[in-house]
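Let's walk through this fold together, one sheet at a time, and then look at how the helices sit against it. Keep the structure open beside you as you read.

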Amino acid sequence: MAAKVFESIGKFGLALAVAGGVVNSALYNVDAGHRAVIFDRFRGVQDIVVGEGTHFLIPWVQKPIIFDCRSRPRNVPVITGSKDLQNVNITLRILFRPVASQLPRIFTSIGEDYDERVLPSITTEILKSARFDAGELITQRELVSRQVSDDLTERAATFGLILDDVSLTHLTFGKEFTEAVEAKQVAQQEAERARFVVEKAEQQKKAAIISAEGDSKAAELIANSLATAGDGLIELRKLEAAEDIAYQLSRSRNITYLPAGQSVLLQLPQ
């Protein structure tokens, strides 16, 4: 009797385990910020997009494909050419997410790795079609970034992608162009230095002219004074000069004055 009871319990437990496994395989979860597309083995990809939460499916017949619909960043490097035929290395940082309602079409036509397939190709296409020369890429970087963002957003929309932000993070040119820019900077600095030298020479020339004009004016004034006062001005200047010389000599301890017209014998050894 006990054996039959245990046997019944075992069968019930086995049936319960099988039923639990079936129920568990018929449930799947869609996390926050994600969406699910159902693939049916008999009808293919369903047009219905499943939202967040726990949902049922037919085991073995149906399979959920989960997509992340949150904004994700991706760096896309591109080597392209400018309008003036310079090689340019550009890196764009793109924040993208899929349009939830278009997930069945994205999965059917592109696949789960849609970002790997779409973003590099359309980025290269847009950057190669944007005709900017090297100087504009440097001096009008904000304008270039905005135009590339607008064109890239419009192009990505055809694939069911939303671009929340597009920014130009890296921009370098070829070796030849970089050397040419450096040479140009050196030439500009040399030109500035030469212009400074020329301006300095002009200022020195003006100073010399002003000094000569001052000397000429002073000579003219002196000549007029001599013509008016005669030799008196010269005698006055002589007296002033003699007075200044006498004053300077009187302050020196190595000078001895001998009165004029007198014989003064120094006590020299015989």
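A good place to start is an open sheet of 3 strands, arranged in the order 6-7-8 with antiparallel pairing. Its edges are strand 6 (72-81) and strand 8 (161-173), each of which pairs on one side only. On average, and ignoring direction, neighbouring strands in this sheet are turned by 25 degrees against each other. Please bear in mind that this is a predicted model.

Within this sheet, strand 7 (residues 87-98) pairs with strand 8 in the antiparallel sense, over 11 bridges. If you would like a landmark for that pairing, find N89, which stands opposite T172 in strand 8.

**Helices on the sheet**

Now turn to the helices. Helix 3 lies across strand 6, strand 7 and strand 8, and runs at about 40 degrees to strand 6. Helix 5 packs on the sheet as well, touching strand 7 and strand 8, and its direction makes about 140 degrees with that of strand 8.

How do helix 3 and helix 5 pack, and at what angle? Helix 3 (residues 114-129) and helix 5 (residues 141-157) meet at about 135 degrees, with their axes 10 Å apart. The two helices are therefore oblique to each other. Helix 3 passes helix 5 in a right-handed crossing. On the helix 3 side the contact is made by I122, T123, E125, I126 and L127, while helix 5 contributes V148, D151, L152, R155 and A156. These contact residues divide into 6 nonpolar, 1 polar and 3 charged.

**The other sheet**

There is also an open sheet of 3 strands in the order 3-2-5, again with antiparallel pairing. Strand 3 (44-50) and strand 5 (62-68) stand at its edges with a single partner strand each, so one side of each has no neighbour in the sheet. Here the average turn between neighbouring strands, direction ignored, is 25 degrees.

Strand 2 (residues 34-40) pairs with strand 5 in the antiparallel sense over 7 bridges. To find your way along this pair, look for H34, whose bridge partner in strand 5 is D68. As a general reminder, strands of a sheet pair through backbone hydrogen bonds, either parallel or antiparallel.

**Two buried residues**

Two residues deserve a look of their own, one from a helix and one from a strand: D115 lies in helix 3, and I65 is found in strand 5. Are they buried or exposed? D115 has a relative accessibility of 12%, so it counts as buried. I65, at 5% relative accessibility, counts as buried too. The table sets out their values and their contacts, leaving aside residues up to four places away in sequence.

| Residue | Relative accessibility | Residues touched |
|---|---|---|
| D115 | 12% | R74, F96 and P120 |
| I65 | 5% | R35, A36, V37, F39, F107 and E112 |

One of the contacts of I65 is worth following along the chain. I65 touches E112, and although these two residues are 47 residues apart along the chain, their C-alpha atoms are separated by 8.4 Å. Other residues that I65 touches include R35, A36, V37 and F39.

Conventions. Residues are numbered from 1 along each chain as its sequence is written. This is a predicted model: local features need pLDDT of at least 70, side-chain atom pairs count only at pLDDT 80 or more; totals for chains, interfaces and linings use all residues. Side-chain values use heavy atoms; hydrogens and water are left out. Axes are lines fitted to C-alpha atoms, for helices over the stretch in contact, and angles run from 0 to 180 degrees between N-to-C directions. Helices (H or I, at least four residues) and strands (E, at least two) are DSSP runs, numbered from the N terminus. Angles under 35 degrees count as roughly parallel, over 145 as roughly antiparallel, 65 to 115 as roughly perpendicular and the rest as oblique. A crossing is left-handed if the near helix is turned anticlockwise from the far one by less than a right angle, and right-handed if clockwise. Contact means heavy atoms within 4.5 Å. Ala, Val, Leu, Ile, Met, Phe, Trp, Tyr, Cys and Pro count as nonpolar, Asp, Glu, Lys and Arg as charged, and the others, Gly among them, as polar. Two strands pair if DSSP finds at least two bridges between them. Buried means under 20% relative accessible area, exposed over 50%, partly exposed in between (1.4 Å probe, protein chains only).
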